Every structure is written in C-alpha cells, then in structure tokens.
Amino acid sequence: MSGSAPRLVARGLARRFGATRALDGVELELGPGELHALVGENGAGKSTLMNVLAGALAPDAGTMELDGAAYAPRSPLEARRRGLAMIHQELALAPHLSVAENVLLGCEPRRGPFVARAALAARARAALAEVGGELDPDRPAGTLAPADRQRVEIARALAQEARVLVLDEPTSSLGPADVAALHERLRALAARGTSIVYVSHALEEVFALCTRYTVLRDGRSVASGALDETDPDALVAAMVGRGVESLYPRGPAAPGEVVLRIEALAGTRLPRAATLELRRGKVLGLAGLVGAGRTELLRALFGLDVVRAGKLRIGALEGPRTPAERWRGGTGFLSEDRKGEGLMRARSLAENLLLPRLGRRGLVSPRALAARAQPWIDALRVRCTGPHQPVGALSGGNQQKVALARLLAAEVDVLLLDEPTRGVDVGARAELYAWIDELAHRRGRAVLLASSYLPELLGVCDRIAVMCRGELGPARPVAELSEHELARAMTGRRGA
Amino acid sequence: MSPLLRRLGPLLGLVATYLLFALLAGASFTSWANLELMLLQTAVVGTAAVGATWIIVAGGIDLSVGSTIALGTMVGALVLRAGGTPLDAALAAVAAGAAAGALIGVLVTGTLLRLPLSPFVVTLGLWGALRGLAKGLGDNQPVYPGSTGWLAALMVSGEGFLGLAWGVWVLLGVAGLAALALRHTVFGRHAVAIGSSEETARLCGVRVARTKLGVYVLGAGCAGVAAVLQLSYLSMGDPTPAQGYELKCIAAAVIGGASLAGGEGSIAGTLVGALLMTVVDNGCTKLGLDNWVQEVVTGAIIVAAVALDRVRQREG
C-alpha cells in the first residue's frame, strides 16, 4: 500500500430502520496507520456505522472502498477476511475456551478435521506477543481481567491480519494504567501501518491518542479534520449541535443529617476495611482502580455481597440487610453491569423501572405500570417508543437513564451508583450529572458514586474517598484534590 | 481446590459410592460378573448420554432421547423383519436417530421455519411425537423380527472381548470418539464456543447454525446407537422402552460436571455420572432395598453433585 492512498473510504452511507434514518449520508476517510476518532452522541449512528463497516449490516445506499478495491462485506466473517476487524465494547470471548483458542476462533489451523494444536499455539503466541504482557495461552479466557480479555481480542484481530481495527469504547472497563498501556499498544500498531478507528465518549482520550476525527450527529458526518486544529469544546458543540454551558452543574449544597455510616466494614474478600459517613445533600465519590473493591463495597452495603465484619447503618436500618429490605428502607442501587444484572433486556421499560415495587397486594396491572412509568420516561427524556418497549432496544445512554429512573421512582433517600455513566455519550451524561446534582443538592438525597472516570468524580462529587486494595481512605473535599493526586492514591502511592 | 481435583470430583464420588455398597453388600456386589453387569447396564443410557453431553456443552438440550431410542428399535426391527441384515438394521436405527437430530437442528436453528425455536420446546414436542411415531410404525404393537443375528450377542455378558460384553465396547468406542472429537476437532471446539458464548462464536465467523445442526445430528445419532443396543437387549422393536432416559442422560452429564448453561462438560464425566447411577441402582437391588429408595437416592445425588460443583466453583 502506498503511504498516501487512503486505506478505507466511505461515501454517502445511508441506512434506515423503519422510519428512523440511522445513517443519512456518512463520509469517512481513513489513511494507513491513522488513529481516527469517531465521536458522537448515543443514537448519532456510531453503532450503525460500525456495523456497516464490520459487515453486520448492509447499507441502503453509499459505497465503501478498502485499499482501493470495492468493499461491501456481507458478513462479519467476510469483513475479517478482507482485513477489517471490530473490537466490541462488550468484550466478545468464549469464556470456557482457552486464550489461544479464542485468538484463533473461527480460523483455527487444521489438519483434516482436527485442530492443529501446535500450529494454533504458535500462531496464538505470536499474536499475543504483539499485544504485550504475559498471557498464558492455555488459561480459560473467562478467568482473565477485562484489560487482558481486551488484549486477547486485539490479538485475535492481529492473528487474522487485520489492517483496519475498529474499537468500540475500548476503555469503558479499564483502569487508568490499562488505558495508558492500550494507547501505547495502539500507537505501536499504527506506527506499523494498521489503521485504527477509535470510538469513545472520553474526549480526553481522543485528544491524547488520535490524530484525526469524524463527528456523527443524527446519522450524518457533520465535522471531520485534524484534532490538533480543534478543541474539546468545539467537538462537543459539533456533537450536540449547540453549545453546552457546563457538563457538571453544581447547585448550592445544604448538608443534612448522616444517613449512611459504616465503620471498618469488610466483605468476604473485598472490601477489607471501609469507614465512611454520608450526609443528605451530599455526593460522595469512590475512586479506585478496577478490582480495588469499590463495586464490592456498594454491593455489600446493598446486601448483594456478604458483610463479614464491621458496623453498618443506612437510614434507620442497623446491620446488613437484604436488597429487598434496602429498597423498602429507602436505599437504591445502580449496578455497573447493566447487561448482566442491571436491566432485564427483554422486558419492558415499565417493568424495569418499577421492578422494586411492581404492584400492591401481589397484583400487577400492565396499564397501571405504564402509567406510573411514563412520568419518569418524560422527566429523564428517555428516547423510546413508549413504556412497553423492551429495554434492550434502547441505546446505552437511554438504558442507563432507565436504570437511574428506577431509583427515582422508588423515591429512595440513599443512592448507591456504580459507574452510572459507563458507555454513555456526552449529551446523556450531562443529563445524568444534572440529575445527580438535582437529587443531592436540591432534593436532599445522599449519593454514593463509584466511578473509574476521574473528571467525572471531580466534577460531580462534593468529597472523594480513594479505595486501594480493599481499603478505603479518608474522604476529602474535591477542592483539595487533583486528577494527578487521585491517580497516585489509587495506585497506593502517598500523595505529595 | 486445584482444577485437577475439581475434574476428579465426580470420579471420587463414584469410587466412594462403590466402596460404600461394597462394604454393605459384600462379594455379590464386588464380583467381576456384577461389575461387568453394571457396565452393561450402563451401555444404553451411557451411549445416549455421550450424545446428550455434546448437545448440552453446545448450549442445547434434548428431551426426546428416550423416544428416539424407542423409534430406533422399531426401525431396526422393521428392517430385520423385511429381510435386512443385522448391519442394515443397525445402520437404519442410527440413521433414524440422526434424522431426528437433523429435524431438531433445522427447527432450533430456524433453517426450516425461518424462525429459531428453543431446543427445550422443540425436543419436548419430539419427545411426544417420536414416541407416537414409534407406536404407529408397529401399529401399537412391538415388532418381532425373528432372529436378530449377531445383534443378539451385543448385550450378553460373557460374550465379548477381554471379559467385557460387546455392548460395553460400543459404549467405550462411541465415548472415545466423541471425547476426541469434542476436544480436538474444529467442529468440537466450535460447539464448545457456541455453548460458551453464542454471540462471540457468531462474531468470530463460526457457522453457528451449521455447527448446531451437526451437534444435534451427532447427539441424536448417539441415541440411535443406544437404540441398536436396546434392540439387541430386547430382541424386538418396542415403542415403550427407554422412558425417562432423556432425564437420565441429562443427570449423567450434570453429575459429570456439565453446565446446563453450556460451555462446560466432558464425556468422561458423563460416563462417570452414568456409572454412578447404575452403581446406586445395582447396589440397592443387592441390598434388597425397594425401587423407591433407589429413585430417592439417585435424585439426591443429582442435586448434591450440582451443589458440590457450585461450591467448588466458588472456591476456585
């Protein structure tokens, strides 16, 4: 391939679903070895565009060229064979197969009907070496940490000789160190000529990693160019189609009584020791690396995990309680695992929203459910066809609004939020932040917020406590903290 | 707990159960003749359970195993009565099983009706339909083929090779091939991948529908082989036997470490599970315990095996 000819070109891509135009004239140009950011709000058409590129969807109109030849893949398999591989947000590994088998899944070296084990191991090892780190090729993929699983996925794409990698929200489940390592690896791949389309909501990452960008809005490519000729504000403005006053609104705080107090709380493995106090009208942030025990702490508070030792009081309830008692006692939990446990994908918005209290005296009326759900759908501006629509059909940001609305509808006083904006676009994120602000600072609720995204913690919280290897540090006012300091505390080094 | 110990768990359970009955029932239980008998008693269910394991590992289920076996005996007996050789009859019975599997496969993958159906529902339907078909083939009567030729020798203890009846060798052969294929062929690994995460398999270009179809053909084909053994044992085609074998097969797989959620399970584990159930049946009979005791004990073992496995997983 010559250095100047584009690797991938898309012209006038269009695709509609029923009455919705998901793509309505998308132009994309990607050079060899280019790190290209694809940004846009949820529902802007990023997923549809990725699916078209990856061969999972056929466009209604428009053309694509890959290395100068017409490119119209009819399946993900064909796209991979042509050299375009997609790394999905929901990491796609078969948990029971070994790392090596996952790397070559679908293109195993064979000898007759048999898997050529030696060749498989050798090719997998070569691909794994390119993504760095020591990964045992024989280990079951299900036992790997998210960052390692992602490396296996990238190794899979490399083993299949991908020239274009499309990464969908690749850092949504990674800690800061893993994000840095991933960026390092992507730069190395790009330097060797692999073209990369990087889809992310984290504009800081986009600016740190990529060289060029394309903004999608309402199914159209509305802006593109070199990143060093633009700035985050201009990008956000292009994404939402208007200026955003402030991503992190902050009302006047009026702290009330203590509603949550724990002392030396310990779970089976994590957390090891957590002490904190949370007042009404306050947002307390939990920072920490993946695996530090933030999720486990929230789960233990809510009664989903065992409390082994320590004191605990939430609202009027002393000691550990079941989730059912927590909901009745005015405490709600938003899970980080939206797909696995947060929402019932096949069930309706109304059912998901009102599951903590579906009906009175054991009876549930679908009509009453819909009527009770509608005000919350309106209040949070959930983009949907109505309360009966299955939640799985909504975009990530709208699903997350439903998950938050569940806590609002239950009128809880204490909100335990675990990664509430994971995989949520800028526009919807601003709305979620506004709601958290409204709830805590105007309506006097207490919010405990765990997040891996430091700008979010610093923007939303009143105080932040850092969790490191299961131990929770003291909560400090955000005014005294910086991202740098938090990152140091998260890795267990003393702040300067 | 180490992975090795985890995999050996069902085997330790089998050994412990065997030793318990050996202590209680003595020589009549531990004799070579009884040991061979137990292996022979496991042959029909075990062979079918090998196929069921493939299906379960691939994330599916087959509730029509017993009915497939009954249908197979009828087809085999009819071929014999029409003058076919024993080999013709055996091949026809296996083919009947494989055809049932193909039907399940095209319905489950949506190849036939253009909409995929749940294997639970499809095979629940076939559980009734195939049994009915078996009855219809013989006009509600068993089919007596006269002589079953060399087929008759399959399930006779004492006639065989190295002290084991031919039927036991059939079981071991089918199990060995199935285990090899599950572990070492691309088809087998793709089946595991589908059971482990169907979305991922599809994404990676695994031909999901084709692989599933193959798994059901192979799985129900094993039930067809079990039908040959059943035909040999009964010396006739009979639409009534093997009732509830589908659940025994599932139980054997689950005792052997298979997960009904797919992705996990081994042929060796299933054989151990099937043997464990035979040991309980046989041991209880030797002790003069009523049938209901065996049934309660077997049920308790199934639940206990799964509970133990969950405990081991949580520790591991």
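This passage walks through a predicted model, starting with a run of strands in chain A and ending where the two chains touch.

Strand β11 of chain A, residues 212-217, has a partner on each of two counts. One is strand β3 of chain A (residues 35-40), which runs parallel to β11(A) and is joined to it by five bridges. Within that pairing, A:Ala37 finds its bridge partner in A:Tyr213. The other is strand β12 of chain A (residues 220-226), which lies antiparallel to β11(A), with six bridges between them. Here A:Thr214 is matched with A:Ser224. β11(A) and β12(A) make up a hairpin with just two residues in between. In that turn sits A:Asp218, whose phi is positive, at about 50 degrees.

Over in chain B, the helices α7 (residues 166-184) and α8 (residues 186-196) pack with their axes 5 Å apart, at an angle of about 70 degrees. Since angles of 65 to 115 degrees count as roughly perpendicular, that label therefore fits α7(B) and α8(B). On the α7(B) side, the contact is made by B:Ala181, B:Leu182, B:Arg183 and B:His184, and these meet B:Phe187, B:Gly188 and B:Ala191 of α8(B). Sorted by class, this contact holds four nonpolar residues, two polar ones and one charged.

Helix α8(B) turns up again where the chains meet. That contact draws 18 residues from chain B and 17 from chain A. On the chain B side, the elements giving two or more residues are α8 and α9 (198-203), and α8(B) gives the most, with six. By class, the chain B side splits into eight nonpolar, seven polar and three charged residues.

How values were computed. Residues numbered from 1 in each chain as written. Chains lettered and ligands numbered in written order. Predicted model: local features only at pLDDT ≥ 70, side-chain atom pairs only at ≥ 80, totals over all residues. Axes fitted to C-alpha atoms, helices over the stretch in contact; angles between N-to-C directions. Helix = DSSP H or I, 4+ residues; strand = E, 2+ residues; numbered from the N terminus. Parallel < 35°, antiparallel > 145°, perpendicular 65-115°, else oblique. Contact = placed C-beta atoms within 7 Å. Nonpolar A, V, L, I, M, F, W, Y, C, P; charged D, E, K, R; others polar. Pairing = 2+ DSSP bridges.
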